[in-house]
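Biologist: I would like to go through a structure with you, one feature at a time, and learn how each of them should be read. Could we begin once the model is in view?

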Amino acid sequence: MTLDDLKAEWKKDCEIDDIELDKSSLEVPKLHAKYSEYLTDAIVKHKSLQLKYQTMLKDKWMWFNGKMDEGRIRELGWEDDPFDGLKIMKNDMHVFFDADKDLQKLNAQTEYQKATIDFLKRCMENITWRHQTIKNTIDWRKFMAGSQ
């Protein structure tokens, strides 16, 4: 499920039926279970992407430093010489790591997953305090009706 899908679903789920507040209150556990599952799945996916990134980073380090065997290089579909004959100083290696398309792609996926997790955490906070919003609405209606 994409972040846009989650946003669209949350847009519907976050609404509180102010006519049937009791029904809205009873939906809280269902919403909590639903978004807890989404959050857990997102955290697991994020961890998987982090591990993938770390493995790719190790492979790139070995490739850039000439420590990877030719069979593995061919298996990954990379060129024999990552620098096309240029001599690179160790201090400048970070520039090549930062500019590497494979690492950038995995990093972007990891950051996207982090944004998804942050969004789901905010949804969960809203669900956690939903009962208070419902209570405040009931109290306000009592006040407006003249009862205390």
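Biologist: How many residues of the lining of the largest pocket are nonpolar, how many polar and how many charged?

Modeller: A word of care comes before the answer, since this is a predicted model. The lining of the largest pocket divides into seven nonpolar residues, three polar ones and two charged ones. The space inside that pocket comes to about 170 Å³.

Biologist: Which residues line the largest pocket, and which elements give two or more residues to its lining?

Modeller: The lining is made up of Met-1, Thr-2, Leu-3, Leu-6, Tyr-38, Asp-41, Ala-42, Lys-45, Tyr-112, Gln-113, Thr-116 and Leu-120. Two or more residues of this lining come from each of the elements α1 (3-13), α3 (28-64) and α6 (101-128).

Biologist: Turning to the interior, which residues touch the most other members of the largest nonpolar core, and which element gives the most to this core?

Modeller: That core has 14 residues, and those touching the most other members are Trp-10, Tyr-35, Phe-119, Leu-120 and Ile-127. At least two residues of the core are supplied by each of α1, α3 and α6, and α6 gives the most, with six residues. Tyr-35 is a useful residue to follow by eye, for it is in contact with Glu-9, Trp-10, Asp-13, Leu-120, Cys-123, Met-124 and Ile-127, once its neighbours within four places in sequence are left aside. Another core, of nine residues, lies apart from the largest one and includes Trp-63, Trp-78, Phe-83 and Leu-103.

Biologist: Cys-123 appeared among the contacts of Tyr-35. How many disulfides does the structure hold, and why is Cys-14 not bonded to Cys-123?

Modeller: For a pair of cysteines to count as a disulfide, the sulfur atoms have to be within 2.5 Å. The structure holds zero disulfides, because the sulfur of Cys-14 is 8.2 Å from the closest cysteine sulfur, that of Cys-123, which is too far for a bond. The surroundings of these two residues can be read from their accessibility: Cys-14 is partly exposed, at 30% relative accessibility, whereas Cys-123 is buried, at 2%.

Biologist: I should like to try the same reading on helix residues. Is His-46 buried or exposed, and what does His-46 touch?

Modeller: The cut-off to keep in mind is that buried means under 20% relative accessible area. His-46, which lies in helix α3, has 11% relative accessibility and therefore counts as buried. Not counting residues up to four places away in sequence, His-46 touches Thr-110, Gln-113, Lys-114 and Ile-117. Asp-59 also lies in helix α3, and its relative accessible area of 6% makes this residue buried as well. With the same sequence neighbours set aside, the contacts of Asp-59 are Met-68, Arg-72, Leu-76 and Trp-78.

Biologist: Where do Ser-24 and Ser-25 lie, and is each of them buried or partly exposed?

Modeller: Ser-24 is found in helix α2, and Ser-25 lies in helix α2 (residues 21-26) too. Ser-24 is buried, at 2% relative accessibility, whereas Ser-25 counts as partly exposed, at 33%. Beyond residues up to four places away in sequence, Ser-24 touches Ile-16, Asp-17, Arg-130 and Ile-134.

Biologist: How far apart in space are Ser-25 and His-131, and how far apart are Ser-24 and Gln-50?

Modeller: Separation along the chain and separation in space have to be read side by side. Ser-25 and His-131 are 106 residues apart in sequence, yet their C-alpha atoms are 6.3 Å apart. Ser-24 and Gln-50 are 26 residues apart along the chain, and their C-alpha atoms are separated by 38 Å. For Asp-59 and Thr-2, which are 57 residues apart along the chain, the C-alpha separation is 29 Å.

Biologist: To finish with the backbone, what is the phi of Asp-84, and where does Asp-84 lie?

Modeller: The general idea is that most residues other than glycine have a negative phi. Asp-84 is not a glycine, and yet its phi is positive, at about 50 degrees. Asp-84 lies in the loop between α4 (70-76) and α5 (93-99), and at 70% relative accessibility Asp-84 counts as exposed.

Terms used:
Residues numbered from 1 in each chain as written. Predicted model: local features only at pLDDT ≥ 70, side-chain atom pairs only at ≥ 80, totals over all residues. Heavy atoms only, no water. 1 Å grid on protein atoms, 1.4 Å probe; cavity = no way out; pocket = protein on both sides within 12 Å on 5 of 7 lines; lining within 4 Å. Points joined across faces, edges and corners; volume = space filled by probe spheres on them. Helix = DSSP H or I, 4+ residues; strand = E, 2+ residues; numbered from the N terminus. Nonpolar A, V, L, I, M, F, W, Y, C, P; charged D, E, K, R; others polar. Buried < 20%, exposed > 50% of the residue type's maximum accessible area, 1.4 Å probe, protein only. Contact = heavy atoms within 4.5 Å. Core = buried A, V, L, I, M, F, W, Y, C linked by side-chain atoms within 4.5 Å.
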